[in-house]
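Q: I'm new to this one and would like a close look at a single part: the loops between the strands, with enough of the whole chain to place them. Could you walk me through it?

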Amino acid sequence: MQSLMIHRNDTVKVLTGSDRGKTGRVLRVNPDDRTVLVEHVRVVKKTVSSKRGQRTKGGIAEQESPINVSNVVLVCPNCGNARVGHKTEGDSRLRICKKCGQELPKKK
Ligand SMILES: [Zn+2]
């Protein structure tokens with residue numbers, strides 16, 4: 001399986017759609033279908049219906065929907081630049097910002 005360049009908790013910028021230009025934090029990565037969930041991006045409103053016999057109130061919940069990784073780019077948290085490259089060091093592939101040289105380690 002090819003690993004994705006984008007990891008959870010990364011900051012990404014959206015390239016397409018109505019949320020184009022927005023940046024957000026990656027909430028979840030789905031390597032199998034190459035999609036990510038980005039906070040406050042592609043938010044859909046879901047109607048939550050109250051179940052009969054329960055006291056919970058129905059209403060509208062907002063939920064992010066997955067966006068293809070090719071539609072987002074990684075943003076450097078240091079300088080805000082969106083051009084990120086790779087550097088191989090030993091066995092590990094590091095992500096670096098092409099502008100300021102900042103390493104972009106995988107956050108936990
Ligand atoms: Zn940078």
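A: Let's start with a word we need: a contact here means heavy atoms within 4.5 Å. With that in hand, take the contacts in the protein chain with a separation of 6 or more: residues 24 or more positions apart account for 41% of them. Keep in mind that this is a predicted model.

Now for the frame that holds the loops. The protein chain has nine strands and zero helices, so reading along the sequence you just meet β-β-β-β-β-β-β-β-β. Its radius of gyration is 17 Å, while the globule rule gives 13 Å for 108 residues, so the chain is more spread out than a compact globule. Along the principal axes, the C-alpha atoms fill a box of roughly 60 × 30 × 20 Å. Of the 108 residues, 29% count as buried. The chain exposes about 7,700 Å², and carbon and sulfur atoms supply 46% of that.

On to the loops, going along the chain. Between strand 2 (23-30) and strand 3 (35-38) there is a loop, and Arg 34 is found in it. Arg 34 isn't a glycine, yet its phi is positive, at about 55 degrees. As for its surroundings, Arg 34 counts as partly exposed because its relative accessibility is 34%, and partly exposed runs from 20% to 50%.

Move along to the loop between strand 3 and strand 4, and you come to Arg 42. Here too is a residue other than glycine with a positive phi, near 55 degrees. Arg 42 has a relative accessibility of 31%, so it counts as partly exposed.

The loop after that joins strand 4 (43-48) to strand 5 (59-64), and Ser 49 lies in it. Ser 49 comes in at 58% relative accessibility, which is over the 50% cut-off, so it counts as exposed. If you want a sense of where it sits, try Asp 19: the two are 30 residues apart along the chain, and their C-alpha atoms are separated by 27 Å.

Two more things to look for while you have the model open. One is charge: the chain has 23 positive and 10 negative charges, and the mean positions of the two sets are 6 Å apart. The other is cysteine. The structure holds zero disulfides. Cys 97 is buried, with a relative accessible area of 2%, whereas Cys 100 counts as partly exposed at 36% relative accessibility.

Methods. Residues are numbered from 1 along each chain as its sequence is written. This is a predicted model: local features need pLDDT of at least 70, side-chain atom pairs count only at pLDDT 80 or more; totals for chains, interfaces and linings use all residues. Side-chain values use heavy atoms; hydrogens and water are left out. Helices (H or I, at least four residues) and strands (E, at least two) are DSSP runs, numbered from the N terminus. The radius of gyration is taken over C-alpha atoms; the globule rule is 2.2 Å times the number of residues to the power 0.38. Buried means under 20% relative accessible area, exposed over 50%, partly exposed in between (1.4 Å probe, protein chains only). Accessible areas come from the Shrake-Rupley method with a 1.4 Å probe; for residues, only the protein chains shown count as cover. Lys and Arg count as positive and Asp and Glu as negative; His and the chain ends are not counted. The place of a charge is taken as NZ of Lys, CZ of Arg, CG of Asp or CD of Glu. A disulfide is a pair of cysteine sulfur atoms within 2.5 Å.
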